[in-house]
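This report describes selected features of a single structure. Please consult the sequence and the coordinates alongside the text.

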Amino acid sequence: MSRMIRIFDTTLRDGEQAAGNSLNVEEKLEIAKQLAKLNVDVIEAGFAVVSPGDFAGVETIAKQVKGPAICSLARAVPGDIERAWEAVKAAERPYIHTFIATSDIHMKYKLKKEPDQVIDMAVQAVKMARNLCPEVEFSAEDATRSDWDFLCRIFAEVIKAGATVINVPDTVGYSIPEEFGRLIKYVKENTPGMEKVILSVHCHNDLGMAVANSLAAVMNGADQVECTINGLGERAGNAALEEIVMALRTRKEFFNYDTAIRTERIYRCSTLVSALTGSIVQKNKAIVGENAFAHEAGIHQDGVLKNRLTYEIMTPESIGVPTSRLVLGKHSGRHAFSGRLEEMGYHLSAEDLQKAYERFLEVADKKKEVTDQDLEALVRGELSLVDDYFSLDYFHVASGNKTIPTATVRLKTKDQVIQEAACGDGPVDAVYKAMERITGIQIKLKEYNIKAVTGGKDALGEVSVRVQANGHTFSGRGVSTDIIEASARAYLNAVNRIIRYRTPVEQHGKTAVPPATASPSTPTSSV
Ligand code: KIV
Ligand code: ZN
């Protein structure tokens, strides 16, 4: 029987905290529900003390998501721990994760504290958390640049204070697999009480070794791995969940460890996280990249046709990659449409289903074959889980090699229809400028990407943008057979996210504040 490794997912905390990945409460909830279906053991849902929005995210997930433990991060200070407990206490399995830095450089320059003071703070924090919550994790931030014996000392003290999980983070992605494996073994063998608790690791990818370090840790006794979908996270990211899980599953005869993850739900989680954060998965990304199962070379194709195992160590089905088979056309009724989405794992509200069906009809009218991949793109592009303040009513562009590109755009709000025209460097620029005039929101376009969802001249175009407004980054996505329309929808999707972000949490789902007059709130994070 294989030893089971716990999967602690921090997509909604370390992943969300990374530049440009901010999510609203509904988006966090949607991702958390998918993580529960994926069967992760712990969901780190956020850092409750950071802002009312972060608190609401953790609390909503704690109240609504069943199965995994629901965790909030907290610094080793009473205010953070109180707030974390308030946010997670309604969960089936509440979990508090408290941390303090233990490396000389962090203690001296960041904390300005002596090592004994750091131990004291850690112990007080764990005691307080354990008085409230049955599962308490303690992390020694920057553990891999800390003195190994000091680590063992602080771990022994927090275990005595009641910690149930001890985490060894490679905060700055500095470690090398063999070295990290040795550290885990050392900590395990030299910390009194370690046999009573779960030993966890949390690796960052600054040198591209987060997954290798995590696996080396598992081979040296770690019981839990902290990771994120698509490897999202601070700077170069965290260890990618899908890579760790599939390495353990595919090479089970080597590792003899396994996880409880339902691997056939990996692809769905990956696309959802990518769509909602706007963080595009690189084509050749292991496991979930577009090319991960594509065989281009003739020799490879020939081999795969004769026997898939010649060049495939795992199958696309094992992670749930959708097929490109033809499913629906414009004559397929609403029932067939919703049935197919259900089969694909999308359970939409009546309102979202209506919205998706209307868009499907528009697309099916222009595109003969609507495949599973098209449906995925439509759902992730159009159902942004954002209450749309603005929607696209009409646009017209004039463009050519001897014409100044000009656009007329009409947007609708609940009670207004507003039209503007503008010239631009190209048709997309003209549309964006006209929209800027309507919304009154000054936006800097930082990234623009377009891709065809499937092959063929009538392929759906999927546009994703990243924009900056008032120093914050937002993403947007749009889908259409017309690339200008897809571009307009992506921009509008980002605008609606900005408005959503500026709306006080208690108003979410009610009336949005008027965009031009709203002032942004600034979340802060100290990790
Ligand atoms: O990277 C890190 O050290 C962290 C801790 C809070 C665990 O994210
Ligand atoms: Zn981290």
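How many bridges join strand E13 to E14, and do the two run parallel or antiparallel? The model discussed here is predicted. In it, E13 (residues 391-398) and E14 run antiparallel and are joined by seven bridges.

## Strands E13 to E15

Within the pairing of E13 and E14, Val 397 has Ala 407 of E14 as its bridge partner. E14 is also joined to strand E15 (residues 417-423), again by seven bridges and in antiparallel orientation. Here Thr 408 has Ala 421 of E15 as its bridge partner. Four residues lie between E14 and E15, and the two strands form a hairpin.

In a regular strand, side chains alternate between the two faces of the sheet. Strand E14 (residues 406-412) shows such an alternation: Ala 407, Val 409 and Leu 411 point to one face and are buried. Thr 406, Thr 408, Arg 410 and Lys 412 point to the other face and are not buried.

## Zinc site

The zinc ion (ligand 2) has three protein donors, namely Asp 14 through OD and His 202 and His 204 through NE2, at 2.0 to 2.1 Å. The spacing of these donor residues in sequence is D-x187-H-x1-H. Distant parts of the chain are thereby linked: Asp 14 belongs to helix H1 (residues 11-17) and His 202 to strand E8 (residues 198-203), 188 residues apart. Asp 14 and His 202 are both buried.

## Cysteines

A disulfide is a covalent bond between the sulfur atoms of two cysteines. The model contains zero disulfides by the distance criterion applied. For Cys 152, the closest cysteine sulfur is that of Cys 203, and no bond is possible because the two sulfurs are 17 Å apart.

The cysteines also include residues of contrasting accessibility. Cys 152 counts as buried, with a relative accessibility of 5%, whereas Cys 423 is partly exposed, with a relative accessible area of 45%.

## Domains and the interface of domains 2 and 3

The domain assignment divides the protein chain into domain 1 (3-277), domain 2 (322-382) and domain 3 (391-512). The C-alpha centres of domain 2 and domain 3 are 22 Å apart. Contact between them involves 14 residues of domain 2 and 14 residues of domain 3.

About 1100 Å² is buried between domain 2 and domain 3, and carbon and sulfur atoms give 48% of this area. On the side of domain 2, the residues losing the most area to domain 3 are Lys 366, Lys 367 and Arg 380, which together account for 36% of what that side buries.

Notes
Residues are numbered from 1 along each chain as its sequence is written. Chains are lettered from A and ligands numbered from 1 in the order in which they are written. This is a predicted model: local features need pLDDT of at least 70, side-chain atom pairs count only at pLDDT 80 or more; totals for chains, interfaces and linings use all residues. Side-chain values use heavy atoms; hydrogens and water are left out. Donors are N, O and S atoms within 2.8 Å of the metal (3.2 Å for Na, K and Ca); water is not among the atoms, so sites may look incomplete. Buried means under 20% relative accessible area, exposed over 50%, partly exposed in between (1.4 Å probe, protein chains only). A disulfide is a pair of cysteine sulfur atoms within 2.5 Å. Two strands pair if DSSP finds at least two bridges between them. Domain bounds come from an automatic or database domain assignment. Contact means heavy atoms within 4.5 Å. Buried area is the accessible area (1.4 Å probe) that two parts lose on being put together, summed over both.
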